[in-house]
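I opened this entry to look up how the chains meet and how the strands pair. My notes follow the structure.

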2 protein chains.
Amino acid sequence: MIGEIIAIGDELTSGRIANTTSAFAARELFAAGHEIYAMHTIGDTPDLIGEALKRAISRVDFVIVTGGLGSTSDDLTNEAVAEALDRPPTLNEEILEKIRSQLQGTGKKQSALEKLAWLPEGAEVLNAGERMAGYMLVHESTPVFFLPGVPAQARILLIDYVLPRLLNWQDSNNNHFRLRVYRTIGLPEYEINRRLSGLEQQDHVTIGYYPVNSEVHVSLTVAGNSEINPDPLFREADHHIRQALGAHIYGTGQDTLALVVGKLLQKNNLQLSVAESCTGGLIGSMITGVPGSSNWFAGGVIAYSNHLKEVLLNIDHDLLAGHGAVSGPVARAMAARLADRIGSRISISVTGIAGPDGGTEKKPVGTVYIGFFFNNKVQDTLYHFKGNRKEIQALTAQTALDTVRRALLAL
Amino acid sequence: MIGEIIAIGDELTSGRIANTTSAFAARELFAAGHEIYAMHTIGDTPDLIGEALKRAISRVDFVIVTGGLGSTSDDLTNEAVAEALDRPPTLNEEILEKIRSQLQGTGKKQSALEKLAWLPEGAEVLNAGERMAGYMLVHESTPVFFLPGVPAQARILLIDYVLPRLLNWQDSNNNHFRLRVYRTIGLPEYEINRRLSGLEQQDHVTIGYYPVNSEVHVSLTVAGNSEINPDPLFREADHHIRQALGAHIYGTGQDTLALVVGKLLQKNNLQLSVAESCTGGLIGSMITGVPGSSNWFAGGVIAYSNHLKEVLLNIDHDLLAGHGAVSGPVARAMAARLADRIGSRISISVTGIAGPDGGTEKKPVGTVYIGFFFNNKVQDTLYHFKGNRKEIQALTAQTALDTVRRALLAL
């Protein structure tokens, strides 16, 4: 199906907040086989909201509207919809009840939040959870989804409600479409491009390349039709891609490197520990962002200062003074000493110069050593990363996780 | 002036690349006193490009178009403009010369890049630098700026060419615009709304509310005119907001909580340490994302497992067994023991249940204790956060940083 996305909020048109929700929605819709005709970002301006909405309804198969559903006076989406589509505001008892029960005992006034319960006529509430709901309207046979502007809430509603509804809605003619996204690490885009160039010439097959920080995500789309079954073509192309990219593919779809590493650790009954200097906790934060990570993650030390490297990791003062904190011997010692102290079989460490200051001629900004202790063996690897401070930290953390992944794959 | 931004590229409508350029442009334009009526993101579709462009020219004072200016076959902006505005492609000798001189000796063919030199009739090239140029057209008295889609290039052109041209163009009546953004933590949006409701009634004053994770950013805009000086109104409104929100305002503009906490620590000559359980390194990661953080951050322990709490923080086994890892006494011990071990005067700890599993009736998901050790005193505070795993982790980290901020403000 072909859709349009309308994001609403003065905070977006003033550029104060980047509109990440529209890009996320577009990506998820694209991955589910839909096309986005256009995305719009407009302020809390009822006339313009109404105009954009009516134009979209007239020309595409579905519309997603985000933002402006809140309880404050500058949230005007519902009013704009009511006016533009001639659907007067109607009190939704379900939402009103939810607001009442949430406010019970808090001493807060209901009136301030009651605005949330007035929805355009015909609105079907999309979630019965405790947080702010979205809703769906069918106008002139076009489904229109209204989601909160807060990215985390919009994302949940999109995945749990919008995509399944669209799937039901979808014309069965479109079922000749196959898509897979491969998540790769460690190869530059041009090299992946070179390895897959043969595949790109094939009819019905489309390959997309999307660099995302240190990763490249590769999409494979096979579009069949009523005469051509896409499945054999898809299997063949999938095989080709896996052969060409090998272990650089760490996952597919919405897999994250932290999730994949977690699964491998759990499968091998291992608990990872981390000794982080220049990443300051980022590796641990990525790992513990995954639900259930206590099954495969012990914790570790943020050894940011040299003092902490000595006190918490027992790194010899002489070793630090002799080689410098950013060195292979210190990286090895960090991983090995941590593993030793806490009785861990697998431990990763990072020490480097994230910048913008602290670089020298011999060790410029981006110099990073990654230490890795596993089954009583310890190694270190030197990297030269490019980018600003946050990019270097992110590259370091990704590379550390990938070091663990490759070691466990090799078992 | 009032403008519209049109971003072009299939990579944007597929959501593969987030459109950061439009948000950047909006922010810079807004800061320069302009208003953005709408922003659009559309694919490399000539009809739609032409339609969006014509509509924008008819209704706003200026238009900015980014993307689709490159040399490959899917770059269609120039063709679309030529067609929609009836301005036939014209060979620009200046650009052709530049291409020739750049290709000299490289062995590359000119033909592949010659496309770059064909611009719609009336185009004025915006930069004579060595990288790809942008151009400007004046159509029906409306200036339209065309910029490359690569963010870094678009940004340079915007700052160096577009903003100065608009300033020249601008009616002098618009130089009466003042803006400030206040970043707040600890108050819900509706409560801020309530406290500022008086201000909202005032002429010339506009207040915006932008919830960002656990924070609410409040924007104050004062628009004067040739008769009304905005400065006294702005000072008065600023005073009103600061009185109403007090220490909930942690900064203005692009300040982050980690940056503000860092400055306070440095001013007081303190080095913070962290003992993180449920946040797994997120607090350390936020702090060390700020350049120069080694001046105010020592590091700490990611005490994710109970074993690590015992081994690295010397928490008594009996204390953990008696109260549970998620408890006030354990939070206090984590902060105090870490400070003791490393000789730190200030230490923050967090222990809680981020979910989705692990909750009990007595300690549901979202239960978090924050421990704080400062100048030989230790305290703990219990919180009940709502949200998914990542939201609870983010709320916990923000609240921990805010605990440090408030203690240092009180000195």
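I count two strands as paired if DSSP finds at least two bridges between them. The model is predicted.

With that rule I looked up strand S16 (residues 367-374) of chain B, which is joined to S17(B) by 8 bridges, the two running antiparallel. In this pairing B:Tyr369 is opposite B:Leu382 of S17(B).

I then traced the whole sheet. It is open, has 10 strands with mixed pairing, and follows the order S17(A)-S16(A)-S15(A)-S13(A)-S14(A)-S14(B)-S13(B)-S15(B)-S16(B)-S17(B). Strand S17 (377-384) of chain A and strand S17 (377-384) of chain B are its edges, each pairing on one side only. From one strand to the next I noted an average twist of 15°.

Where do the strands of chain A and chain B pair? I found 3 bridges between strand S14 (residues 297-302) of chain A and strand S14 (residues 297-302) of chain B, in the antiparallel sense. There A:Val301 faces B:Val301 in S14(B).

Next I looked up the interface. I found 71 residues of chain B in contact with 73 residues of chain A. The buried area is about 5900 Å², with 57% from carbon and sulfur atoms. B:Arg16, B:Tyr190 and B:Tyr210 supply 13% of what chain B buries against chain A, more than any other three residues.

For the polar side, I noted 2 salt bridges across the interface. B:Arg59 forms a salt bridge with A:Glu51, with the closest N and O atoms 2.9 Å apart. I also noted 26 residue pairs in polar contact. On the side of chain B that touches chain A, strand S2 (residues 35-42) gives the most, 7 residues. I split that side into 32 nonpolar, 26 polar and 13 charged residues.

Note on methods. Residues numbered from 1 in each chain as written. Chains lettered and ligands numbered in written order. Predicted model: local features only at pLDDT ≥ 70, side-chain atom pairs only at ≥ 80, totals over all residues. Heavy atoms only, no water. Helix = DSSP H or I, 4+ residues; strand = E, 2+ residues; numbered from the N terminus. Axes fitted to C-alpha atoms, helices over the stretch in contact; angles between N-to-C directions. Contact = heavy atoms within 4.5 Å. Buried area = accessible area lost by both parts, 1.4 Å probe. Salt bridge = Lys/Arg side-chain N within 4 Å of Asp/Glu carboxyl O. Polar contact = N/O pair within 3.5 Å; in protein donor to acceptor, adjacent residues only side chain to side chain. Nonpolar A, V, L, I, M, F, W, Y, C, P; charged D, E, K, R; others polar.
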